[in-house]
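Me: I would like to practise reading features from a model. Can we take them one at a time?

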Amino acid sequence: MMTTFQLAKNYDPQDAEKRWWAAWQDNGYFHADPKVQRPKYSIVIPPPNVTGILHLGHALNNTMQDVMLRYKRMTGHEVEWLPGLDHAGIATQVVVEKQLIAQGTTREAVGREEFLKRVWQWKEKNGDIILDQLKKMGCSCDWKRTRFTMDPGLSEAVKEVFVRLYEKGLIYKGVYIVNWCPRCRTTLSDDELEREEKDSSLWYIRYPLAEGGGYLVVATTRPETMLGDTALAVNPKDGRYKSFIGKKVLLPLLGRTMPVIADSYIDAEFGTGVLKVTPAHDANDFEIGKRHNLESIAVIDDRGLITKAGGPYSGLDRDTARAKIVADLKEQSLLEKVEPYRLGAAVCYRCSTVIEPFLSEQWFVKMSALAPPAIQAVKNNQIRFHPPHWSKVYLHWMENIHDWCISRQLWWGHRIPVYKNEQTGEIRVSKTPPQDDGYHQDEDVLDTWFSSWLWPFSTFGWPEKTPELEAFYPTASLFTASEIIFLWVARMVMAGCEFMGEIPFSDVYIHGTVRDAVGRRMSKSLGNGIDPLEIIARHGADSLRLSLVLAAPEGQDPLISENTFEQGRNFANKLWNAARLVLANQSETPPAEPVNLLKSRDKLELADRWIESRLHHTIKAVTENLDSFRFNTAAKALYDFIWSDFCDWYLELAKPRFYQQDDSLQRRAAQQVSLEVLGSIVRLLHPFAPFVTEELWSHLRERLHGTPEGHVTVAPWPVPAAEWMDDDLEAAMQHVFDVIAAIRTVRSEMKIPPAKGIDCLIRVDRPRLLRNLQACTANIRILGKIENLTIAAEVQKPIPSASAVIRDAEIFIPLEGIIDLEGERRRLQKDLEHNTLQLEKINRKLDNPDFLENAPSDVVAKERAKRENFQMIVARINANLEQLVGW
């Protein structure tokens with residue numbers, strides 16, 4: 001005997017999330033077997049920093065991944081979602097350094113070995129915080145395979161790659177201008193920089209001619225670097241300065257003699273058209289210096305202090321030196337003028353310190369040799385970007401690629417496997433230290449991204465040939481943000497082509513950047529972030545996931561506020577209540593010989609056939625959109641079907657049959673159809689909302705499949721059936737819903753009590769529509785609360801009556817005896833006067849030029865929105881008054 005289960009009145013997400021997470025883990029659903037003979041679908045998680053705390057960007061990214069992976073698991077794939085953490089060189093070192101400072105010491109004081117020991121201790125204590133947070137979201141990762149970029153296996157892969165590239169001549173050491181952070185005391189790649197707009201100045205400095213008789217004026221944004229100038233440069237085509245080429249000038253304040261040179265790089269339109277050349281502190285100046293054999297004089301050291309070469313300014317920090325230099329120039333009449341200037345300053349992504357271009361010896365990778373296969377992979381459509389326009393961004397960067405500076409002046413990270421004999425100067429590059437005495441390993445570590453670019457294959461055991469590597473590489477897709485297309489995506493493609501001989505993934509999904517309600521990027525500095533864990537605690541993990549997907553249209557940045565998550569919560573509650581209704585109205589004991597009415601379409605009512613048609617169209621739409629990485633479109637199609645078609649229309653139409661006391665065919669049809677559709681809904685929604693669907697499935701599976709066993713996370717994905725799809729039926733039912741909506745609107749506008757029965761007459765000219773509406777008479781009467789309904793081609797408008805017009809039909813509702821006509825007329829007239837007065841006030845304000853000119857733009861926008869609202873209200877009241885004219 002199968003008993004009816006009454007769902008609890010309210011869904012309890014906290015209880016359900018604990019129970020179902022434990023059940024999934026106990027059953028090992030997320031641990032993939034590389035030996036299973038079924039299609040594989042693998043993704044490696046973009047590894048969050050070991051210092052990271054879950055934010056909405058992580059939540060959005062991992063929700064999208066989980067949606068795809070749960071979908072693929074249900075379509076019969078062996079799914080591997082490999083999680084892990086990045087060691088985050090600079091970020092982690094900074095955290096531990098701050099701890100040491102708080103204890104009254106420094107990393108230099110404790111030494112490298114002790115410092116690294118403390119970092120590992122910190123990692124063991126705090127490193128899994130963000131992974132535990134992802135578990136609270138319901139992320140179905142293969143947690144048994146969690147990796148860390150400094151695991152022994154991954155460290156071995158890093159050394160293997162370094163040695164191979166070095167032996168191919170693709171890694172070299174050279175002196176170049178690099179991006180230097182004086183706070184973190186390390187280099188940064190171009191892609192690790194952030195740009196900040198700052199109010200600065202343009203200082204116009206006079207450089208006296210060595211022979212006397214005048215000076216050249218140079219405009220600069222960095223007067224402190226003039227201490228390292230070794231030339232002035234002009235464009236050879238600039239007629240203003242041709243006579244000065246080859247002459248000498250004196251360096252202000254220090255008096256050093258230097259030449260005036262000609263170089264086509266110089267922009268004659270910037271400033272005065274004269275450039276001061278500082279080869280040791282500007283990348284472009286460095287190249288000019290090489291072309292003209294200029295001396296490079298470093299005047300700012302790795303701490304951001306002026307060196308001894310800076311003469312009297314030695315030992316000052318950059319900012320202090322600038323202020324003193326400007327004051328001294330002014331005192332010596334060498335500062336011609338100062339202009340305000342808006343500067344796009346490069347800052348460290350980790351500590352926001354202004355970057356110092358710094359002449360330094362570093363290790364580099366020759367990227368131009370690795371780029372061609374990665375470029376062709378995108379051009380040949382082997383790798384597809386979603387949305388597609390990101391492929392152009394990728395290709396532009398790849399086709400203009402620069403060598404990659406891979407050395408970092410840190411202690412935490414993969415130490416560079418280069419050993420130098422201090423006596424002979426011999427260099428050895430090896431995965432293991434030389435056995436000979438006298439060799440010292442390079443002090444620097446590798447850029448964090450040097451381990452991350454190997455992530456798709458190092459995590460599966462490379463360079464060893466493991467079963468996991470054979471089964472799960474190449475991975476299927478990658479989900480990431482646009483800001484690391486260059487830092488990570490492009491480099492992974494190059495690494496895959498170079499070391500595995502094939503691309504690491506076929507699809508790259510780029511999601512938008514999470515912004516607040518007014519469009520600002522969420523950040524700690526702005527204080528506008530929203531903690532995903534607080535949303536989970538308040539509304540449940542499914543509400544977080546659903547809301548994020550629904551708020552993130554493809555190719556756009558989602559705008560998120562606290563209210564955003566009410567949509568997911570309300571949707572989950574709507575589904576829960578629908579399930580309560582369906583389950584509460586199932587027969588306690590099925591018939592001895594049950595008839596599957598879904599195999600007998602002719603025995604189903606129009607509403608049953610309509611909801612089945614809508615269901616299968618929805619299955620098709622959701623499936624196609626998920627296959628195309630259109631998560632928002634898929635979610636909206638499902639949301640609209642569940643909320644509108646199933647809950648608002650079908651269940652309302654089915655209620656009278658649910659409540660029949662007999663075991664009629666009509667009642668059984670409503671029971672079977674509603675249960676079957678609900679079962680499909682739960683499966684379709686599971687990738688988006690795994691917990692509430694698993695809870696509902698536990699109450700549906702016995703009814704649907706005759707067994708209390710099994711979980712929806714491994715249930716088969718619904719398949720669309722063409723025989724159920726009926727476009728004509730859907731169009732006909734849409735007319736029915738349009739009629740009902742129009743009747744409800746008239747009821748609302750004429751203040752007819754909801755429970756009061758009314759008469760209705762519908763005039764229809766088209767024969768086919770007439771037949772469709774007549775066939776749905778019962779449905780229209782039930783949902784419109786109509787006592788007497790007439791649907792015909794020849795219908796006279798009753799007087800008095802309210803009317804509504806929809807496509808191909810006109811609706812009349814007699815008002816005699818329904819409402820107090822005179823009282824209604826007075827009420828409407830009073831409402832009209834009040835709203836017209838409000839409209840006139842707003843019009844006067846918006847017609848005032850002073851208001852438009854001086855009021856903030858958001859205030860003006862609100863007033864315009866108010867005007868539109870009052871205009872709509874006034875128009876509606878006038879329309880209702882016209883209905884009553886002459887009665």
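Me: Leaving aside its neighbours within four places in sequence, which residues is T459 in contact with?

Reply: This is a predicted model, so keep that in mind throughout. Begin with the contacts beyond the sequence neighbours. T459 is in contact with V44, L82, R147 and L154, leaving aside its neighbours within four places in sequence.

Me: Where does T459 lie?

Reply: T459 is in a loop, with helix 13 (455-458) on one side and helix 14 (467-472) on the other.

Me: Is T459 buried or exposed?

Reply: Compare the relative accessible area with the cut-off. Buried means under 20%. T459 has 4%, so T459 is buried.

Me: What does the side chain of T459 reach?

Reply: Look for a polar partner. The T459 side chain reaches the backbone oxygen of W455, at 2.6 Å.

Me: Let me try a charged residue. Is R667 buried or exposed?

Reply: Use the accessible area again. R667 has a relative accessible area of 15%, so R667 is buried. R667 lies in helix 21 (residues 665-685).

Me: What does the side chain of R667 reach, and which residues does R667 touch?

Reply: Take the polar partner, then the wider surroundings. The R667 side chain reaches the backbone oxygen of F658 at 3.1 Å. Not counting residues up to four places away in sequence, R667 touches N585, S587, R657, F658, Q660 and D662. F658 therefore appears on both counts.

Me: Where is I401, and which residues is I401 in contact with?

Reply: Place the residue, then list its contacts. I401 sits in the loop between helix 11 (390-398) and strand 16 (404-405). Its relative accessibility is 16%, and I401 counts as buried. Beyond neighbours within four places in sequence, I401 is in contact with M367, S368, A371 and M494.

Me: Now helix packing. At what angle do helix 19 and helix 23 pack?

Reply: Read the angle, the axis distance and the hand together. Helix 19 (residues 606-627) and helix 23 (residues 727-749) pack at about 115°, and their axes are 9 Å apart. The crossing of helix 19 past helix 23 is left-handed.

Me: Which residues make the contact?

Reply: List each side. Helix 19 gives L606, A607, R609, W610, S613, R614 and H617. Helix 23 gives D727, L729, E730, M733 and F737. By class, this contact of helix 19 with helix 23 has six nonpolar, four charged and two polar residues.

Me: On to sheets. In what order do the strands of the open sheet run?

Reply: Write the order, then find the edges. The open sheet has three strands in the order 15-23-22, and the pairing is parallel. Strand 15 (384-386) and strand 22 (477-481) are the edge strands, each pairing on one side only. The twist averages 20° from one strand to the next.

Me: How many bridges join strand 15 to strand 23?

Reply: Count bridges, then pick a facing pair. Three bridges join strand 15 to strand 23 (residues 507-511), and these strands run parallel. F385 stands opposite V508 in strand 23. As a general idea, side chains in a regular strand alternate between the two faces of the sheet.

Me: How do I read the hairpin: how many residues lie between strand 26 and strand 27?

Reply: Check direction, pairing and turn. Strand 26 (residues 801-806) and strand 27 (residues 809-814) run antiparallel, joined by six bridges. S803 stands opposite F812 in strand 27. The hairpin has two residues between the strands, and D808 takes a positive phi near 70°.

How values were computed
Residues are numbered from 1 along each chain as its sequence is written. This is a predicted model: local features need pLDDT of at least 70, side-chain atom pairs count only at pLDDT 80 or more; totals for chains, interfaces and linings use all residues. Side-chain values use heavy atoms; hydrogens and water are left out. Axes are lines fitted to C-alpha atoms, for helices over the stretch in contact, and angles run from 0 to 180 degrees between N-to-C directions. Helices (H or I, at least four residues) and strands (E, at least two) are DSSP runs, numbered from the N terminus. A crossing is left-handed if the near helix is turned anticlockwise from the far one by less than a right angle, and right-handed if clockwise. Contact means heavy atoms within 4.5 Å. Ala, Val, Leu, Ile, Met, Phe, Trp, Tyr, Cys and Pro count as nonpolar, Asp, Glu, Lys and Arg as charged, and the others, Gly among them, as polar. Two strands pair if DSSP finds at least two bridges between them. Buried means under 20% relative accessible area, exposed over 50%, partly exposed in between (1.4 Å probe, protein chains only). A polar contact is a pair of N or O atoms within 3.5 Å; within protein, one must be able to donate a hydrogen and the other to accept it, and residues adjacent in sequence count only if both atoms are side-chain atoms.
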